[in-house]
Amino acid sequence: MNRSRLAPGAGIVTAPGDRPVLRTSEGEFLRIDTGHVGPGELVDRLTEGEGQASSAELDRLVAAFEEAGHAVTEPRRPPLTGRTVHLLGDPVLTEPLARFAAAEGAEVQSASADDVAGLAGRRDTALVWCLDSPVPEGLWDEADRLPARHTAWLRCHREGAHTWTEPLASAPGDVTAAHVRLRRLAATAAHRELAAYWAGHRTPDTGPHPTEPAAALIAALLTADLIAWASGEPHRGSGLPARRRLRRIDLRDLTVTEHPVFPVPEVAPLPAPTARTAP
């Protein structure tokens, strides 16, 4: 029978002369009423201690820890176990992302643009497309169709000194790359210029390209989005959820800013003009 252990990130703190306190993985401190159980017995039971004491009251106390998620009996399962991640794009970004996703339990595979349509309808599967350049018009149109078939779709690209990581989309109605473009055009007075920039009417790219630390940061942020997708994205803290979060990473100083972004509702087409009859 597996023994209970404190959950990852949780710990028991004992201030001199005071009762033990649980520090949760979220950083909260909760006082523990051990009843007739000695604090040392509880600590030994939930850690690698040598104590083998057991009683009905100690068992109930440990069960309460388990029910609240502060103790576990099974080893930690990597959060991307059972998920397949297909990577496409520039190696400066996909290579660190492949390492990070594999370390979290994902099955990582390389993909090509020709593979995108065939991924539609594969649940527990994500496509991540990373570009060290602006996105050519139409390049992501096929991938934008994946969430409607419940295949996850995550992407990033660079524009000058900024890399953008777009919201993860995994279900019908999620934010697509086309939605992000429309929202960004609507948010700037320079919408004509931004559209021309995206269309390729610009001087040759002068960088800066992601350095190794910058690429690692971007890969870590994308991995966090994949973990949120795999875990059903529980809401934690005050941050934006992965499915509604547009990030901008400044490659010069590695600052990250977050912006909320929402789907763009479909608009009914204008009615066709009707012929007017002469009076």
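Arg243 is partly exposed, at 29% relative accessibility. Its salt-bridge partner is Asp174, with the closest N and O atoms 2.4 Å apart, and Asp174 is buried at 2%. Keep in mind that this is a predicted model. Below is a quick tour of the salt bridges, the strands, the nonpolar core and a couple of loop residues.

**Salt bridges**

- How many salt bridges are there? The count comes to 12.
- Arg243 sits in the loop between α6 (212–230) and β11 (245–250), while Asp174 sits in the loop between β10 (162–165) and α4 (177–186), so this pair ties together parts that are 69 residues apart in sequence.
- Arg83 and Asp124 also meet through their side chains in a salt bridge, at 3.2 Å from N to O. Here, too, distant parts of the chain are linked: Arg83 is in the loop between β5 (71–72) and β6 (84–89), Asp124 is in the loop between β7 (107–110) and β8 (125–130), and the two are 41 residues apart.
- Buried or exposed: which word fits Arg83? With a relative accessible area of 17%, Arg83 is buried, because the cut-off for buried is under 20%. Asp124, at 39%, counts as partly exposed.
- Asp59 and Arg45 pair up as well, with 2.8 Å from N to O. That salt bridge runs between helix α2 (residues 56–67), which holds Asp59, and helix α1 (residues 39–46), which holds Arg45, and the partners are 14 residues apart.
- In this pair, Asp59 is partly exposed with a relative accessible area of 34%, whereas Arg45 counts as buried at 18%.
- Asp132, Arg158 and Asp205 go beyond a simple pair: a network of salt bridges links them.

**Strands and sheets**

- Which strands make up the open sheet, and in what order? Three of them do, in the order β2-β3-β4, and the pairing is antiparallel.
- The edges of this sheet are β2 (11–14) and β4 (29–31); each has a single partner strand, so one side of each has no neighbour in the sheet.
- On average, neighbouring strands here are turned by 35° against each other, ignoring direction.
- Between β2 and β3 (residues 20–23), which run antiparallel, there are four bridges. To find the pairing on screen, look for Val13, which stands opposite Val21 in β3.
- Further along the chain, β11 and β12 (residues 256–260) are also antiparallel, and five bridges join them. A handy marker for this pairing is Leu246, which stands opposite His259 in β12.
- The hairpin of β11 and β12 has five residues between its strands, and Leu254 takes a positive phi near 60° in it.
- As background, strands of a sheet pair through backbone hydrogen bonds, in either a parallel or an antiparallel way.

**The largest nonpolar core**

- This core has 25 residues, and the ones touching the most other members are Leu97, Val128, Cys130, Ile218, Leu222, Leu226 and Trp229.
- Which elements give two or more residues to the core? They are β6, α3 (91–103), β8, β9 (152–159) and α6.
- Helix α6 supplies the largest share, with nine residues.
- Take Val128 as an example: setting aside neighbours within four places in sequence, Val128 is in contact with Val85, His86, Leu87, Leu88, Leu97, Leu154, Leu222 and Leu226.

**Two loop residues to look at**

- Thr176 is in the loop between β10 and α4. Thr176 counts as buried, at 11% relative accessibility.
- What does Thr176 touch, leaving out residues up to four places away in sequence? The contacts are Asp144, Arg155 and Glu166.
- Gly82 belongs to the loop between β5 and β6, and at 56% relative accessibility Gly82 counts as exposed.
- Not counting residues up to four places away in sequence, Gly82 touches Gly105 and Asp124. Asp124 is also the salt-bridge partner of Arg83.
- For a sense of scale, Gly82 and Ala161 are 36 Å apart in space from C-alpha to C-alpha, with 79 residues as their separation in sequence.

Notes:
Residues numbered from 1 in each chain as written. Predicted model: local features only at pLDDT ≥ 70, side-chain atom pairs only at ≥ 80, totals over all residues. Heavy atoms only, no water. Salt bridge = Lys/Arg side-chain N within 4 Å of Asp/Glu carboxyl O. Buried < 20%, exposed > 50% of the residue type's maximum accessible area, 1.4 Å probe, protein only. Pairing = 2+ DSSP bridges. Axes fitted to C-alpha atoms, helices over the stretch in contact; angles between N-to-C directions. Contact = heavy atoms within 4.5 Å. Core = buried A, V, L, I, M, F, W, Y, C linked by side-chain atoms within 4.5 Å.
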